[in-house]
Amino acid sequence: MGIAVGLTVGLAVGLLFVALLFRKKVLDCTFDERQERARGVAFKYGFFTLMGSIFLYGASELAVGRWCDALTGGCLCLAAGILVFAVICILKDAYLSLLERPRRIMTLFVLLSLVNLGLGALMAAHGKLVEDGVLTFRAVNLVMGIMTLVILIVYIVNFLLRSRETEEE
């Protein structure tokens with residue numbers, strides 16, 4: 001019951017936060033045609049990654065038994081799909097819209113990474129990530145923190161490489 005209440009409250013807070021970001025014009029989804037095409041390709045690969053990871057999760061449950069609870073497995077699969085989508089969009093310069101400010105979005109990703117990694121570390125310190133040999137839902141913060149950190153690193157590396165290319169020209 002506690003997990004259901006926590007998920008509901010977390011979802012409500014997350015939706016309010018996203019609504020606030022749209023209201024403050026931090027998130028403005030105005031993409032040009034090239035970006036739209038690149039995002040379509042990224043969605044396709046993200047979706048196929050999601051499908052493949054769901055298949056692998058199901059196959060792993062059959063092969064080795066229950067190693068994580070169903071909600072955690074679903075979140076792991078979702079994180080894989082989101083990560084593939086984000087990395088492809090970043091590499092094709094279609095992650096941020098024309099009106100979004102990269103510094104604000106990257107600051108948001110730093111905050112998301114720190115909060116999720118902090119909560120994940122807290123759960124790990126209390127020994128609540130694994131119970132009876134099963135990965136619990138408390139590991140999702142750690143997974144999402146790693147995912148947002150990887151997206152942030154890919155964005156920064158891509159930004160630095162593009163800056164170097166423009167300096168050489």
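**Exercise 1.** Work out how the axes of helix 3 (residues 70-91) and helix 5 (residues 140-168), which come within 10 Å, are oriented to each other.

*Solution.*
Step 1. Two packed helices are described by the angle between their axes and the distance between the axes. Axes are lines fitted to C-alpha atoms, for helices over the stretch in contact, and angles run from 0 to 180 degrees between N-to-C directions. Helices here (H or I, at least four residues) and strands (E, at least two) are DSSP runs, numbered from the N terminus.
Step 2. The axes of helix 3 and helix 5 cross at roughly 10°.
Step 3. Angles under 35 degrees count as roughly parallel, over 145 as roughly antiparallel, 65 to 115 as roughly perpendicular and the rest as oblique. Helix 3 and helix 5 are therefore roughly parallel to each other.
Step 4. Now find the contact (heavy atoms within 4.5 Å): helix 3 contributes residues including Thr72, Cys75 and Leu76, and helix 5 residues including Val140, Val143 and Met144.

A word on the model: it is predicted, so local features need pLDDT of at least 70 and side-chain atom pairs count only at pLDDT 80 or more, while totals for chains, interfaces and linings use all residues. Residues are numbered from 1 along each chain as its sequence is written, and side-chain values use heavy atoms, with hydrogens and water left out.

**Exercise 2.** Decide whether Thr72 and Ala80, both placed in helix 3, are buried, partly exposed or exposed.

*Solution.*
Step 1. Buried means under 20% relative accessible area, exposed over 50%, partly exposed in between (1.4 Å probe, protein chains only).
Step 2. Thr72 has 1% relative accessibility, so Thr72 counts as buried. Setting aside residues up to four places away in sequence, Thr72 touches Leu135, Thr136, Phe137 and Val140.
Step 3. Ala80 has 25%, so Ala80 counts as partly exposed. Beyond its neighbours within four places in sequence, Ala80 is in contact with Thr49 and Ser53.

**Exercise 3.** Find the nonpolar surface patch that includes Tyr45.

*Solution.*
Step 1. Locate Tyr45 in helix 2 (residues 33-64). Its relative accessibility is 41%, so Tyr45 counts as partly exposed.
Step 2. Add its partners: Val41, Phe47, Phe48 and Met51 form the patch with Tyr45, and together they have about 480 Å² of accessible area.

**Exercise 4.** Describe the fold of the whole protein chain in order.

*Solution.*
Step 1. Count the elements: five helices and two strands.
Step 2. Read along the sequence, and the pattern is α-α-α-α-β-β-α.

Notes. Patches are made of residues with over 30% relative accessible area and no salt bridge: like charges are joined within 9 Å, nonpolar side chains (Val, Leu, Ile, Met, Phe, Trp, Tyr) within 5 Å. Accessible areas come from the Shrake-Rupley method with a 1.4 Å probe; for residues, only the protein chains shown count as cover. A salt bridge is a side-chain nitrogen of Lys or Arg within 4 Å of a carboxyl oxygen of Asp or Glu. Contact means heavy atoms within 4.5 Å.
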